[in-house]
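Work through the exercises below with the model open. Try each task before reading its solution.

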Amino acid sequence: MRKAFRKPGENPQIFIVTEKLLTGYDAPILYCMYLDKPLRDHVLLQAIARVNRPYESEDGQRKTTGLILDFVGIFDNLERALAFDSKDVSGVVEGIEVLRERFAELMRQGRAAYLTPDRASVAYDDKLAEEVLLRFRDKKLREGFYRYFRQLEELYEILSPDPFLRPYLEDYQRLLEMYRLLRAAYEPHVPVDKSFLRKTAQIVQQHSHTSAVREPQETYELGPEALLTLLAEEKRATVKVFNLLKELHRLVEEKGRAAPYLLSIGERAEEIRRRFEEQQIESQQALRELEELVRQLNAAHAERESSPLSQQAFAVEWWLRTHGVDASQAMQVANDMEAAFAEFPHWTHSAKQEGDLRARLYKSLMGIGVKEVVAWTDAILNFLRRAAE
């Protein structure tokens with residue numbers, strides 16, 4: 001039972017302890033302690049330490065603080081209960097009223113900075129979603145909001161379900177919607193919903209309906225068809241940009257190993273994302289470039305269906321064509337490398353085979369007049385290696 005208690009989701013989830021379990025027992029998952037026995041000095045510190053350990057589960061759920069319900073009144077005079085210097089004791093335990101004050105202050109800051117009337121909600125409204133996405137293009141501003149919300153979320157986790165929170169719940173949900181929208185748009189590689197603390201995750205499951213940046217509502221085989229559907233949607237340019245970037249990222253993540261040519265498409269999509277975030281291009285320009293990228297992806301997908309080349313050789317051909325090489329010359333190199341891949345099948349794990357394969361690619365690229373042979377060879381082999389990992 002002691003071992004099971006330390007595992008998330010397993011019973012028992014409540015332990016009644018007299019004293020023996022405190023010494024030498026490590027359970028970082030432990031969040032709440034009901035204290036109804038007078039404790040002092042080192043024993044009291046040990047008790048506090050049971051719930052004071054940070055914890056993060058494998059699926060991203062975090063415990064950043066612990067909660068102690070004091071039925072004895074020990075914390076009314078903590079300095080006397082702990083026979084240590086008062087400055088060492090200060091900050092060991094915060095009373096609930098201090099956390100309420102801090103939460104209220106953070107909500108005041110959030111309402112002033114982020115929840116002005118024209119952006120009170122981002123759910124179901126492309127115009128407001130676009131405004132929020134454009135406002136937070138600056139990475140420092142965005143990361144500042146992330147830090148703010150994480151502080152707010154940690155306090156909410158401690159205080160909920162305190163009735164004190166009731167006047168703040170609607171605005172807290174709006175801030176949560178904004179946080180989800182930004183993370184989904186700017187960090188599609190982060191499984192944002194799994195990162196929420198438990199009580200905020202419950203709000204997401206029950207009430208949150210952010211839909212401006214999302215997957216298509218219908219079910220599609222992940223591929224060019226889904227992206228073409230997004231292009232056809234009646235959405236604002238900024239929202240379409242982020243929808244396309246999100247789906248391109250998902251496509252590359254899920255199918256890049258089986259179709260290495262997708263990795264080069266993913267790299268170009270990330271370059272468009274970077275330039276857009278850094279305000280080098282605006283929404284319409286980013287959308288035009290993504291539309292062209294989707295058309296190229298659609299063409300590559302169709303060509304791959306009928307190509308006699310292996311996945312690796314086709315990826316080489318596609319990479320060369322997207323870097324300005326004539327189609328016939330790209331096919332020439334791909335055919336040369338088809339034989340090389342068959343001759344050196346373990347090149348990703350064997351230094352000798354990689355060296356031989358590299359020499360063949362040097363020779364083939366020089367044969368079509370490429371000047372930056374070393375740089376091109378490095379780039380091609382690097383993205384093929386990523387697909388093989």
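The exercises cover two pockets, a set of salt bridges and one loop residue.

This is a predicted model: local features need pLDDT of at least 70, side-chain atom pairs count only at pLDDT 80 or more, and totals for chains, interfaces and linings use all residues. Residues are numbered from 1 along each chain as its sequence is written, and side-chain values use heavy atoms, with hydrogens and water left out.

**Exercise 1. Describe the largest pocket and its lining.**

Step 1. Take the volume. The largest pocket holds about 1300 Å³ of space. A pocket is an open set of points on a 1 Å grid over the protein atoms alone, where a 1.4 Å probe fits, with protein on both sides within 12 Å along at least five of seven lines. Lining residues have an atom within 4 Å of a point. The volume is the space filled by probe spheres set on the points, which are joined across faces, edges and corners.

Step 2. Find the centre. The lining has 41 residues, and Phe5, Gln13, Leu30, Tyr31 and Cys32 are the closest to the centre.

Step 3. Assign the elements. Strand 1 (32-35), helix 2 (41-51), strand 3 (62-63) and helix 7 each supply at least two lining residues. Strand 1 has the largest share, with four. Helices (H or I, at least four residues) and strands (E, at least two) are DSSP runs, numbered from the N terminus.

Step 4. Sort by class. The lining has 23 nonpolar, seven polar and eleven charged residues. Here Ala, Val, Leu, Ile, Met, Phe, Trp, Tyr, Cys and Pro count as nonpolar, Asp, Glu, Lys and Arg as charged, and the others, Gly among them, as polar.

**Exercise 2. Which element gives the most to the lining of the second largest pocket?**

Step 1. Start with the space. The second largest pocket has about 860 Å³.

Step 2. Locate the lining. It counts 33 residues, with Gly66, Leu67, Val93, Glu94 and Gly95 the closest to the centre.

Step 3. List the contributors. Helix 2, strand 4 (67-70), helix 3 (78-81), helix 5 (96-113) and helix 7 give two or more residues. Helix 7 gives the most, with five.

Step 4. Sort by class. The lining of the second largest pocket divides into 17 nonpolar, eight polar and eight charged residues.

**Exercise 3. How many salt bridges does the whole structure have?**

Step 1. Count. The search finds 25 salt bridges, each a side-chain nitrogen of Lys or Arg within 4 Å of a carboxyl oxygen of Asp or Glu.

Step 2. Check Arg183 and Glu187. Their side chains meet at 3.4 Å, N to O. Arg183 is buried at 14% relative accessibility, and Glu187 is buried at 13%. Buried means under 20% relative accessible area, exposed over 50%, partly exposed in between (1.4 Å probe, protein chains only).

Step 3. Turn to helix 12 (residues 261-277). Arg273 and Glu270 bridge at 3.3 Å. They lie three residues apart, so about one helical turn separates them. Arg273 is buried at 5%, whereas Glu270 is partly exposed at 33%.

Step 4. Find the network. Salt bridges link Arg111, Glu170, Asp171 and Arg174.

**Exercise 4. Is Asp162 buried or exposed?**

Step 1. Place the residue. Asp162 is in the loop between helix 7 (139-159) and helix 8 (169-186).

Step 2. Read the accessibility. Asp162 counts as buried because its relative accessibility is 17%.

Step 3. Trace the side chain. The Asp162 side chain reaches the backbone nitrogen of Phe164 at 2.9 Å.

Terms used:
Polar contact = N/O pair within 3.5 Å; in protein donor to acceptor, adjacent residues only side chain to side chain.
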